[in-house]
Each structure stands twice: as C-alpha cells, then as structure tokens.
Amino acid sequence: MPITTKREWLQGPYAKAIQRAPERQPSFETTGRMPIEPIYTQDDLEGWDPVTQLGFPGEFPFTRGIQPTMYRGRFWTMRQYAGFGTAEESNQRYRYLLAQGQTGLSVAFDLPTQIGYDSDDPMAAGEVGKVGVAIDSIEDMLTLFDGIPLDKVTTSMTINATAAILLALYVAVGKQQGVSPDKLGGTVQNDILKEYIARGTYIYPPKPSMRLITDIFAYCKDHVPQWNTISISGYHMREAGCTAAQEIAFTLANGIAYVEAAIGAGLDVDDFAGRLSFFFACHNNFLEEVAKFRAARRLWAHIMRDRFEAKNPRSQMLRFHTQTGGATLTAQQPENNIVRTTVQALAAVLGGTQSLHTNSMDEALALPTEKAVQIALRTQQILAYESGVADVVDPLGGSYFVEDLTNRLEAEARDYIAAIDSMGGALAAIEQGFQQKEIQEAAYRYQMQVENKERIIVGVNDFVVAEEEKPEILRVDPAIGQRQVEKLRKLRATRDSAAVEHMLCRIEEAARGTENLVPLMVEAVENRVTLGEISHRLRKVWGEQREPVFI
C-alpha cells in the first residue's frame, strides 16, 4: 500500500533512515528558534483556510502581495542607500547609480544632520560626512540634487528626529527646480519610536517627537499627496538582534502607535493610512524571511480593518522597503557577502517587497566603494531580468512549509502585540524597557550559538583562512568638516539675518502652540535658515531626551 499520510512516512521510511544514519544535528529550528520538522504536508495546515488566509494578490488580506500583477507589472524600485562626505561627492554617486540603472534614490545623512547639529557646531567635530552626507542648509540640498529632476525620481531619506526639516528642504529644492510639492514622490523614515528602542538618534522627548510626526502626516495630506509620510522600521531592531517574529510585532506595534497619534490629532484614518510605509531587514534564513513578509502583510491588513476600521483597501496594505542585513555581513572574506546579499535579496523579492537596497560586500569594513556598489546593484538586476522569479506572483504561495511558517510567525507576532497592548501600547512598553530587553535576550542567544559553533558563519567560526588580502576601502576626506564650516560662514555672512531671526521666532511660537510646523520650516529653509538653527530653537522649547526612554 502506498504511504498516504505524514505520520505513516515519519514512522516508516523516515524512522528507518535516521536509524541507519542519524541526521546531522539533534533538532532543527529557524533563526527565531521555531522548530522545523523534516517535512510539511497538508496535515500541518489543519484548519487553514486558503480563501481567507491566503486569498489572491491585490485582495485582502494581501498575503500574496498588495498588487494583482506585482512584478509582472513592474519591478520593485531598486534603491542603493548612499551618501557620504559633502553634497557634491554624494551627488556624483547618485548620478553614477542612476546611470547604472538604479530606479530610486536613497539618502544616508551624517550623524550631525541626523541629530540636529550644523557642521560648525562643536558637537559635530569629527563626525561631519562620516556615515552619510552633511546637510546644513538649502545650499547643500540644492547641490545634493543638482541635475536630478525630482519629478522623475523618487527619493527615500533615512532621517528621523530631523525628518520634518529634511522634508522641508526637499520641498524647497523641488520649488527651485519648478516642481510643485504635489508632484514629489518619496519617503521620509520619520520613525522615532524605533530610535528609542534600538538606534538612538533621537533629540526631543516622545510627546513633541510624536507631534512632529503627525504634523508631517497632516502637511503631506494637503500639499505632498504622493509622499510616504513615514517608513515604520523594523530594520534597526532586527540589526540589533531581534527575531523575525519580534521584528514583525515591534514594527507593527509602533505602527499602531502612529495611527493612534494621527487619529488623536484629528486625522481620519483613510486620509493618511494609505501613505504609511514600512521598512524591514532581510537576513539569511531564506524561507523564514519570505514567510515573515507574508505574515506582516496579513497581520497589518487585519489590524487596519478590524482595529481601526479603515475602509479604503489602500489603508489596509502593508507597503514596504527591504534592506539586506548589514549585521550579517562579515569583515572576514568580504566577497562571501555577495552571496549572502543575493540570498537575502531573493527572499525579499519572493516575499513581495516594493523596493530593495542590496548591501555592498565591503560594508562591514567601511562605506562602500563604487565597484562594490555596482556589484550590489547588478545583483538586483540579475534577479529581475535573468532569474525568472519575477514572472509569477507569490511563487512560494501554497508551499506547505512556507504557509505553516507564515501562520506561526503571525501567531507569535500577535502574542507580542497583545502583550504590548496590555502595557498601554508601544511607547509605554518602551518606557518599561520591554522591547529593548526582548531584543537584548534574542541577540545574546544568537551570539552564544555562534560562539559555541551551534550556528556556523562561513569565514568567521568555520572555513576560515589564515591570512586574508586587504580589500580597497573608501576613506572619507577628513578635511570635509572644515569645508562645510567655510560654506556655513559664507552663508551666514550673505543671508538676511533679520528674516532668519523672524522665521526662528515664528517656529518657536508655533512649537509652544499647536500650529503645524512643516510649512514654517519650508519658509525658513527658503530664507536660508540652517538645520541646526531650527533644531536648537525646538530644543529651547521642548528640551532634549538625554536618557534612554525606559526606566
């Protein structure tokens, strides 16, 4: 009689096989410690309803993708996160990437720009242009996008505490190019909660920080309707060590907090929810990552429909950008990172991402060289044009293992969100240190597995070589800081000082009240007020969050 059930197979051929030769390890599990059985069948999907849980692409709950055609219509946006040194140098890199076939820009800002200091501030010493481009004023922003038509290219800006100012600068540059705000497309990350959890580039206490976020929501609804007002980010929490299920849960819990804040500020959910976007990491456990994206999409659809009663299908869609895992890159044998990035990029594509950044092989050593960036971009292009994986929508849909893993990740994420809800929501949980503690424990467990060689990292704890050739790396000119200081000196000497002070006073007055700050910031930067000057005026009103946001 032929074998017809999983149990018969496990108790028969499988049991005999492992009796003859044991498997290579006692048990198997995902990176997130979910057990993996040797085979999956329909038996593992008991109670699973393919109509309500799987559905069709472009239909609730969007498990199989948010668009009916997905990549059969057009490929994902290929963005390479870039920015270093001065605006001139970064502009050259952007033009190079666009010439190589990149389809969207992704801007990295230096640390002073991220935390609201001009390049001539003593706090900026030694950091100008190091981890991204230095942007102090509209002069820098005009240079950054020189020759790049903002009505033809979408731009993602990885910026949080100063997101409103960078958006204002972008709008102002668009106007200078003759592009009205309603024609601008792109994204500001604008996700301050994950800064409190995992990254640390916050400036103000939570309440005014959340006010800035909802000011951006309201401003873009009326003036920049094609702009994604936030990129709710799990990436940095994953890079800090959380599991796939935690990445889903903590990201969506933050999303819930932002939706609640916007509704509390008087916005209708269907007026802003369609412009929310998300940002996830993609790590090495291929099928777990594919399932993670599918689970996150389904869970968010239910949250928006059932919790917030969003009626517009677009409000229920989880649209997301993916970056391959920076924390998975190794300084040892850096060429191996090309393979890691390829595996991760493929998982993101099979998971239905809307845009993708592929890390460069040398990013564990320094900012990427032009050659490394080209290889990273070519990785995406080979997947798109040569692999065939973009020719069918959700090609892994219906896989017993992928569907089971999708279900289990969604269930674990739901449990985490319920726990966060019981604490009073994402911010209250952050203040109690809940997410931070969970991430720290997960990171420790993972590192112990690596230390004990329970988890092999090729070239690091196995398959090592005695001596490695040192690759060429990109070095940022240390004189960049002085050049930025000189540009600021000239700016301050030639602008209308009275107009600058007038705008700063208006911003201060608005910060003490309830007026939307973004239109004032647009007017201020057009009058050549600097990023640091606006940030300092807000510090004067709101103070700074000096300590981590937990007890």
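**Sheet, salt bridges and loops in a predicted model**

At 74% relative accessibility, Gly 47 passes the 50% cut-off and therefore counts as exposed. This glycine belongs to the loop that runs between helix H1 (6-20) and helix H2 (50-54). Its partner in a simple distance check is Lys 6, 41 residues away along the chain, and the two C-alpha atoms are separated by 16 Å. The structure described here is a predicted model, and the paragraphs below move from its sheet to its salt bridges and then to its loops.

The sheet is open and has 9 strands in the order S5-S4-S3-S2-S1-S9-S8-S7-S6, with parallel pairing. Strand S5 (227-228) and strand S6 (230-233) are at the edges and have a single partner strand each, so one side of each lacks a neighbour in the sheet. At the S5 edge, strand S4 (residues 186-188) and S5 run parallel and are joined by 2 bridges. Gly 186 has Trp 227 in S5 as its bridge partner.

Strand S1 (residues 77-82) has S2 on one side and S9 on the other in the strand order. With strand S2 (residues 104-108), S1 pairs in the parallel sense over 4 bridges, and Gln 80 stands opposite Leu 105 in S2. With strand S9 (residues 355-357), the pairing of S1 is again parallel and covers 2 bridges; here Thr 77 has Ser 355 as its bridge partner. How much of S1 is buried? Of its 6 residues, 5 are buried, so the strand is largely enclosed by the rest of the structure. The connection from S1 to S2 involves helix H3 (residues 87-99), and these three elements make a right-handed β-α-β unit. As a general point for reading such a sheet, side chains in a regular strand alternate between its two faces.

Turning to charged side chains, a search of the whole structure finds 38 salt bridges. Side chains of opposite charge can pair when their charged atoms come close. One of these salt bridges joins the side chains of Arg 294 and Asp 394, with an N to O distance of 3.1 Å. Arg 294 lies in helix H12 (residues 286-307), while Asp 394 lies in the loop between helix H15 (370-385) and helix H16 (400-422), so the pair ties together parts that are 100 residues apart in sequence. Both Arg 294 and Asp 394 are buried.

A second example is found within H16, where Arg 414 and Glu 410 are 4 residues apart, about one turn of the helix. Their side chains meet in a salt bridge at 3.2 Å, N to O. What is the relative accessibility of Arg 414? The value is 39%, so Arg 414 counts as partly exposed. Glu 410, on the other hand, is buried, with a relative accessible area of 7%.

Arg 495 and Glu 533 also form a salt bridge, and their closest N and O atoms are 2.6 Å apart. Because Arg 495 is in the loop between H19 and helix H20 (497-512) and Glu 533 is in helix H22 (residues 531-542), this pair ties together parts that are 38 residues apart in sequence. Arg 495 and Glu 533 are both buried. The two residues also belong to a network of salt bridges that links them with Asp 118, Asp 120 and Arg 492.

The loop between helix H18 (434-451) and helix H19 (480-494) holds Val 458, as well as Asn 461. Val 458 has 37% relative accessibility and so counts as partly exposed. Together with Ile 456 and Phe 463, Val 458 forms a nonpolar patch on the surface, with about 270 Å² of accessible area in total. Asn 461 is buried, with a relative accessible area of 13%. A polar atom of the Asn 461 side chain lies 2.7 Å from the backbone nitrogen of Ile 457.

Some backbone geometry deserves a closer look. Most residues other than glycine have a negative phi, and most peptide bonds are trans. In the loop between H2 and S1, which contains Pro 61, the peptide bond from Phe 60 to Pro 61 is cis, with omega near 5°. Phe 62 is in the loop between H2 and S1 too, and has a positive phi of about 65° although it is not a glycine. At 1% relative accessibility, Phe 62 counts as buried. Glu 309, in the loop between H12 and helix H13 (313-316), likewise has a positive phi, of about 55°. Glu 309 is exposed, with a relative accessible area of 53%.

Definitions and conventions. Residues numbered from 1 in each chain as written. Predicted model: local features only at pLDDT ≥ 70, side-chain atom pairs only at ≥ 80, totals over all residues. Heavy atoms only, no water. Buried < 20%, exposed > 50% of the residue type's maximum accessible area, 1.4 Å probe, protein only. Patch = residues over 30% accessible without salt bridge, like charges linked within 9 Å, V, L, I, M, F, W, Y side chains within 5 Å. Areas by Shrake-Rupley, 256 points an atom, 1.4 Å probe, with all protein chains shown as cover. Salt bridge = Lys/Arg side-chain N within 4 Å of Asp/Glu carboxyl O. Pairing = 2+ DSSP bridges. Right-handed = clockwise from strand over helix to strand, strands pointing away. Polar contact = N/O pair within 3.5 Å; in protein donor to acceptor, adjacent residues only side chain to side chain.
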